[in-house]
Amino acid sequence: MRLNPRALLSRLPFRSRLAAAFSGLFLLAGIALLAFVVLLARYGTDQQVQGLSISYGDVPSSRATPFAPVHPARPDLSSPAPSDSIMIKKIDQTVQAVQDTALRQMVLWSAVGLLVMALLAGLLGWWLAGRALRPVASMTEAARRISEQNLHQRLALTGPDDELHRLADTFDTMLDRLEKAFESQRRFVANASHELKTPLAAQRATLQVGLADPLPDNLVEVREDLLTTNREAEQLINALLLLARSNRGTDETESVDLAEAARLVAAELAPQAAQNGVRIDLGAGTRPVVPGDPVLLRHLLTNLIRNAIQYNHPGGSVRVRLDATTMTVTNTGPHVPAERIPDLFEPFRRLDADRTATAGHGLGLSIAASIAEAHHATLTAQPGPGGGLTLTLRFP
């Protein structure tokens, strides 16, 4: 497999890439400077060698150069003898060897020093990048702490009016808009639910009083259908109110015994389980106690167990197990595709092809997930090997 250097570099953290850029730029600048120094040194030594003079004849020892051999007087000094030519060539070769050796030593030790300085520049760049990115790291940690339940928090970055400060201000402005949008949505759901409960209560009273017994046989069934529809609408509104309340989070918490709460919920839902031919098996290895809102946690357990009873088959079972921090609810029932599981936690989403099915409102698991999130817990689901679902609730 051939690795693309650009793709490999893009996988590195930004701080590492910045430090590598510091090292690379320092290395390139050092190589350019070293090449310039080598060329300048070679040119300078060539000029010095060309300025050397060779003298023949009797020359006082005090004026003789190291490269100018002294010869006895000759009749003709205008041209050197053959031995003099050999000596000049040896001197040129010696000077060239000295020049090449000096340049090689200079290049070698300069390269070693350049690599060491490039490494130091990389470490210094790593430190400088860390200091430069420290405000970004603090902004990232603050953004992770801010969630739907605490949108009122802000970054509130202090310091000069630079790019990072403007980025933090932009993020805070976005949080302002998000908080207003969430609050508007919650108020709308709560207000709409409260406003709808009043006419439903009046409608139910009218049906019960206006269509009181005795009635003709053809109107008795109509009255029961209307009352059933009225109760389902009221249950839907109560579910919406509970969803809006869980979305606001928990204001006050207390210690809640989940095992005792699960026992009470199982006893409350036992008639529905018996009507559907479903058996509830409750077991607790320990008695988990978690901090939270007891009313919301009671609704959470009710929705999980009711969902397991409702989406089951006659003769099936619901198995509830608790330990120190985890609660699992496993039921038998129809096969659930794994790719459809995320849809179960969305409001008004069912696996039935007909969205207007009368079995539930499609809010049970979405309310349970919202309550779990308000208690900093996680609710996950996975299909059972023989059908049904396994819901796992984990508290921190």
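Leaving aside its neighbours within four places in sequence, with which residues is Asn312 in contact? Keep that question in mind while you orient yourself in this predicted model, in which the protein has 9 helices and 7 strands.

**The whole chain**

Before selecting anything, note that buried residues make up 29% of the 396 residues in the protein. Of the contacts with a separation of 6 or more, 66% are between residues 24 or more positions apart.

**Asn312 and its loop**

Select Asn312, which you will find in the loop between α7 and β4. With a relative accessibility of 14%, Asn312 counts as buried, because the cut-off for that class is under 20%. Now display what surrounds the residue: beyond its neighbours within four places in sequence, Asn312 is in contact with Val278, Ser317, Val318, Asn331, Thr332 and Gly333, which answers the opening question. Two backbone oxygens deserve a distance label here, since a polar atom of the Asn312 side chain lies 3.1 Å from the backbone oxygen of Ala308, and a polar atom of that side chain lies 3.2 Å from the backbone oxygen of Ser317.

**The five-stranded sheet**

Next, colour the strands of the open sheet, whose 5 members follow the order β2-β4-β5-β7-β6 with mixed pairing. At the edges stand β2 and β6 (378–383), each with a single partner strand, so that one side of each has no neighbour in the sheet. Averaged over the sheet and with direction ignored, neighbouring strands are turned by 15 degrees against each other. Zoom in on β4 and β5 (residues 326–331), an antiparallel pair joined over 5 bridges, and pick out Val320, whose bridge partner in β5 is Val329.

With the strands still coloured, add α7, a helix that packs on the sheet and touches β2, β4, β5, β6 and β7 (389–394), its direction making about 20 degrees with that of β5. Then add helix α9 (residues 364–374), which also packs on the sheet, touching β6 and β7, and whose direction makes about 140 degrees with that of β6.

**Helix α6 from end to end**

Move to helix α6 (residues 258–276) and start at its N-terminal end, which is capped by Asp257: a side-chain oxygen of Asp257 lies 3.1 Å from the backbone nitrogen of Ala259. Travelling along the helix, stop at Ala270, where there is a kink of about 45 degrees, shortly before the proline Pro271. How far apart are the end C-alpha atoms of α6? They are 25 Å apart, which agrees with the 27 Å that its 19 residues should span at 1.5 Å a residue. Just after the helix, Gly277 takes a positive phi of about 70 degrees.

Now show the side chains of Leu258, Ala259, Ala261, Ala262, Val265, Ala266, Leu269 and Ala273, which are buried in α6. An α-helix has 3.6 residues a turn, so residues three or four places apart point the same way. The elements against which the buried residues of α6 pack are β1, β2 (279–284), β3, α7 (294–310) and β4 (317–322).

**Strands β1 and β3**

From α6, turn to two of those packing partners, β1 and β3. Strand β1 (residues 254–257) runs antiparallel to β3 and is joined to that strand by 4 bridges; selecting Ser255 leads you to Pro291, its bridge partner in β3. Which residues of β3 point to the buried face? Along this strand (residues 289–292) the side chains alternate, with Val290 and Gly292 pointing to one face and buried, whereas Val289 and Pro291 point to the other face and are not buried.

**Helices α3 and α4**

For the last stop, select Ser138 in helix α3 (residues 82–145), a partly exposed residue with a relative accessible area of 37%. Measure from Ser138 to Leu155: the two are 17 residues apart in sequence, and their C-alpha atoms are 8.6 Å apart in space.

Leu155 also leads to Asp172, which touches Arg154, Leu155 and Ala156 when residues up to four places away in sequence are not counted. Asp172 belongs to helix α4 (residues 163–210) and is buried, with a relative accessible area of 10%. Leu178, also placed in helix α4, is by contrast partly exposed, at a relative accessible area of 35%. A final distance to draw is the one from Leu178 to Leu151, whose C-alpha atoms are separated by 7.6 Å although the residues lie 27 residues apart along the chain.

Notes
Residues are numbered from 1 along each chain as its sequence is written. This is a predicted model: local features need pLDDT of at least 70, side-chain atom pairs count only at pLDDT 80 or more; totals for chains, interfaces and linings use all residues. Side-chain values use heavy atoms; hydrogens and water are left out. Buried means under 20% relative accessible area, exposed over 50%, partly exposed in between (1.4 Å probe, protein chains only). Helices (H or I, at least four residues) and strands (E, at least two) are DSSP runs, numbered from the N terminus. Two strands pair if DSSP finds at least two bridges between them. The expected span of a helix is 1.5 Å times one less than its number of residues. The bend at a residue is the angle between axes fitted to the seven residues ending there and the seven starting there. Contact means heavy atoms within 4.5 Å. A polar contact is a pair of N or O atoms within 3.5 Å; within protein, one must be able to donate a hydrogen and the other to accept it, and residues adjacent in sequence count only if both atoms are side-chain atoms. Axes are lines fitted to C-alpha atoms, for helices over the stretch in contact, and angles run from 0 to 180 degrees between N-to-C directions.
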